[in-house]
Amino acid sequence: MSVRCQETDGSSKHLTAIKTIIDNTNTYLQMEQAAIAAALKESSNKMKSELDALTGVHTDLESALAPKIADLQKAGLAASVADLKKVVDRRGQLSKQINQLDQSLPDVTRLRKERGELLSELTATREETVRRRKDQ
C-alpha cells in the first residue's frame, strides 16, 4: 500500500526546502569533484616529472656500468652478460604484460558474468522452443 503525498500549503514549503538542500549539496559535491580532479592531475604531473628524473638516473647508472660490462666481455663473459640482459629485458616485458592483464581483469570478470547470464537466457529460450514444439 503506497501513500501519496498531496501538495498542500504546509508540505510544499518543506518540499521546497528539501529540494534547496539537495541542490546545495549537489553544488558542493560538484565543486569538491572539480577540486579532487585538479589535485589528482597535479599529482599525476608531479609523478611524471619524478619518473622522468628517475629515467635519467637509470641512464646514468647504465652509462656507469657500460665500462664494467665491457671489461667483463673482454674477460670472456660476453655471452652470459648478453644472456642476462636478454633475461632482464624479457622480465620487464612480462611485467608490463602482467600489469595490462591485471588492469583488464574487471572487464573480463564483468564479461564472464554477462556471458553466463546470456547463456542462461539462451538455455531458457531453447527449452521454451523445445516445449512448444512438443506441444504442437
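In this predicted model, lysine 85 forms a salt bridge with aspartate 89, and the closest N and O atoms of the pair are 3.3 Å apart. Both lysine 85 and aspartate 89 lie in helix α1, where a spacing of four residues places them about one turn of the helix apart. Lysine 85 counts as exposed, at 52% relative accessibility, whereas aspartate 89 is partly exposed, with a relative accessible area of 38%.

The salt bridge between lysine 85 and aspartate 89 is one of eight that a search of the whole structure finds. Side chains of opposite charge can pair when their charged atoms come close. Among the eight salt bridges, three are set out in the table below.

| Salt bridge | Closest N and O atoms |
|---|---|
| Lys19 and Asp23 | 3.0 Å |
| Lys85 and Asp89 | 3.3 Å |
| Glu128 and Arg132 | 3.1 Å |

Lysine 19 and aspartate 23 both belong to helix α1 and stand four residues apart, about one turn of the helix. Lysine 19 is exposed, with a relative accessible area of 51%; because the limit for exposed is over 50%, lysine 19 falls in that class at its 51%. Aspartate 23, with 36% relative accessibility, counts as partly exposed.

Glutamate 128 and arginine 132 also lie in helix α1, four residues apart, which is about one turn of the helix. Glutamate 128 is partly exposed, its relative accessible area being 28%, while arginine 132 is exposed, with a value of 52%. Salt bridges that share partners join Glu128 and Arg132 with Arg131 and Asp135 into one network.

The largest pocket holds about 480 Å³ of space. Of the 15 residues that line this pocket, Glu62, Ile69, Lys85, Val88 and Asp89 are the closest to its centre, and Lys85 and Asp89 are the partners of the salt bridge described at the outset. The residues of the pocket lining divide into eight nonpolar, three polar and four charged.

A further surface feature is a nonpolar patch of about 360 Å², which is made by Leu51, Leu54, Val57 and Leu61. Within this patch, valine 57 lies in helix α1, which covers residues 9-135. Valine 57 is partly exposed, with a relative accessible area of 43%; since patch residues need over 30% relative accessible area, valine 57 meets that part of the requirement at its 43%.

Terms used: Residues numbered from 1 in each chain as written. Predicted model: local features only at pLDDT ≥ 70, side-chain atom pairs only at ≥ 80, totals over all residues. Heavy atoms only, no water. Patch = residues over 30% accessible without salt bridge, like charges linked within 9 Å, V, L, I, M, F, W, Y side chains within 5 Å. Areas by Shrake-Rupley, 256 points an atom, 1.4 Å probe, with all protein chains shown as cover. Salt bridge = Lys/Arg side-chain N within 4 Å of Asp/Glu carboxyl O. Helix = DSSP H or I, 4+ residues; strand = E, 2+ residues; numbered from the N terminus. Buried < 20%, exposed > 50% of the residue type's maximum accessible area, 1.4 Å probe, protein only. 1 Å grid on protein atoms, 1.4 Å probe; cavity = no way out; pocket = protein on both sides within 12 Å on 5 of 7 lines; lining within 4 Å. Points joined across faces, edges and corners; volume = space filled by probe spheres on them. Nonpolar A, V, L, I, M, F, W, Y, C, P; charged D, E, K, R; others polar.
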